[in-house]
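Please find below some comments on the helix packing and the backbone of this model, set out as numbered points. They are meant to be read beside the coordinates.

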Amino acid sequence: MTKKERVSLLLELMDNAYPTVKCSLDYSNPLEMLIATQLSAQCTDARVNIVTKGLFERYKTAEDYANADIEELQEYIRSAGFYKNKSKNIIECCKRICEVYGGEVPDTMEDLLTLAGTGRKTANLVLGDIFGKSAVVVDTHCIRLTNRIGLVKTKDPVKIEMELKKIVPPDRQLKLCHQFVYHGRAVCSARKPQCDGCPIKEACKQVGVEK
């Protein structure tokens, strides 16, 4: 099975198994998505959603965060882990949003990467889910599954992003990354993948046609 054939079959099987997928973080605007994604580093989305419920009630705008008392902000996000560093980044990030982008979250990779606490994973998620642009979100599920399936042979997130952009149609990139999350949680876990009942095993180099 060629890589092109594997991708085509994978997309079909993923759509059958997970027809409707979305980001598991709770948000209602670009700024909330950006903040929630920054908080999700080394933290579960479920925990982030608990944290942001109160956080988003307290801080509404980029200006609110830019002018926040750092100790108060730390208390709101403490349970998300690494709260000292994250609070510092959030404040600096929002100061730049206010000073350079008029209080609005920018919509290009280049601009998003100038914001404190914002790497390519966060930027791609914002670009895809908020601005509807093609985006490859490389998280732990994406890294694990793309290697197991046989789409890539690297653990480097940037190399995986670039490789997936070459082989996955632009209009399917973000959805596939969300499907990786759903599949990684439900079936293809890090320690005990459930290969026998896997709905995409026909496309997987690990257990499919090529054994």
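1. H183, leaving aside residues up to four places away in sequence, touches M14, Y18, L145, C188, C198, P199 and I200. The residue belongs to helix α11, and because its relative accessibility is 1%, H183 counts as buried. As this is a predicted model, these contacts, like those that follow, are computed from predicted coordinates.

2. Two of the partners of H183, M14 and L145, lead to the helices that pack on α11. The axes of helix α1 (residues 3-17) and helix α11 (residues 173-186) come within 11 Å and cross at roughly 60°, which makes α1 oblique to α11. From the α1 side the contact is made by L10, L11, M14 and D15, and from the α11 side by K175, L176, Q179, F180 and H183. The crossing in which α1 passes α11 is left-handed.

3. Helix α9 (residues 140-149) also packs on α11, with axes that come within 9 Å and cross at roughly 80°; the angle therefore makes α9 roughly perpendicular to α11. Here H141, C142, R144, L145, T146 and I149 of α9 meet F180, V181, H183, G184 and R185 of α11. F180 and H183 are thus named in the contact with α9 and also in the contact with α1.

4. Which residues touch the most other members of the largest nonpolar core? In this core of 65 residues they are L10, I35, L55, Y65 and F180, and the element that gives the most to the core is α6, with seven residues. L55 can be followed further: not counting residues up to four places away in sequence, L55 touches I35, L39, Y65, L73, Y76 and I77. Among these partners, I35 and Y65 are also in the list of residues touching the most other core members.

5. Helix α6 (residues 83-101) deserves a check of its geometry. Its 19 residues should span 27 Å at 1.5 Å a residue, and because the end C-alpha atoms are 25 Å apart, the two values agree. The buried residues of α6 are Y83, K86, S87, N89, I90, I91, C93, C94, I97 and Y101, a list that includes K86 and N89 as well as I90 and I91. These buried residues pack against α2 (30-39), α4 (62-66), α5 (70-77) and α7 (109-112). Just after the helix, G102 takes a positive phi of about 65°.

6. In helix α8 (residues 120-130), the buried residues are T122, A123, N124, L125, V126, L127 and G128. The elements that cover them include α2, α7, α10 (157-167) and α11. A glycine again follows the helix: G132, which comes after α8, has a positive phi near 70°.

7. Two residues that are not glycines should be looked at for their backbone angles. Q42, in the loop between α2 and α3 (45-58), has a positive phi of about 60°, and because its relative accessibility is 70%, Q42 counts as exposed. F82, in the loop between α5 and α6, has a positive phi of about 50°. Is F82 buried or exposed? Its relative accessible area is 58%, so F82 is exposed, the cut-off for that term being over 50%.

Methods
Residues are numbered from 1 along each chain as its sequence is written. This is a predicted model: local features need pLDDT of at least 70, side-chain atom pairs count only at pLDDT 80 or more; totals for chains, interfaces and linings use all residues. Side-chain values use heavy atoms; hydrogens and water are left out. Helices (H or I, at least four residues) and strands (E, at least two) are DSSP runs, numbered from the N terminus. The expected span of a helix is 1.5 Å times one less than its number of residues. Buried means under 20% relative accessible area, exposed over 50%, partly exposed in between (1.4 Å probe, protein chains only). Contact means heavy atoms within 4.5 Å. A nonpolar core is a set of buried Ala, Val, Leu, Ile, Met, Phe, Trp, Tyr and Cys residues joined through side-chain atoms within 4.5 Å. Axes are lines fitted to C-alpha atoms, for helices over the stretch in contact, and angles run from 0 to 180 degrees between N-to-C directions. Angles under 35 degrees count as roughly parallel, over 145 as roughly antiparallel, 65 to 115 as roughly perpendicular and the rest as oblique. A crossing is left-handed if the near helix is turned anticlockwise from the far one by less than a right angle, and right-handed if clockwise.
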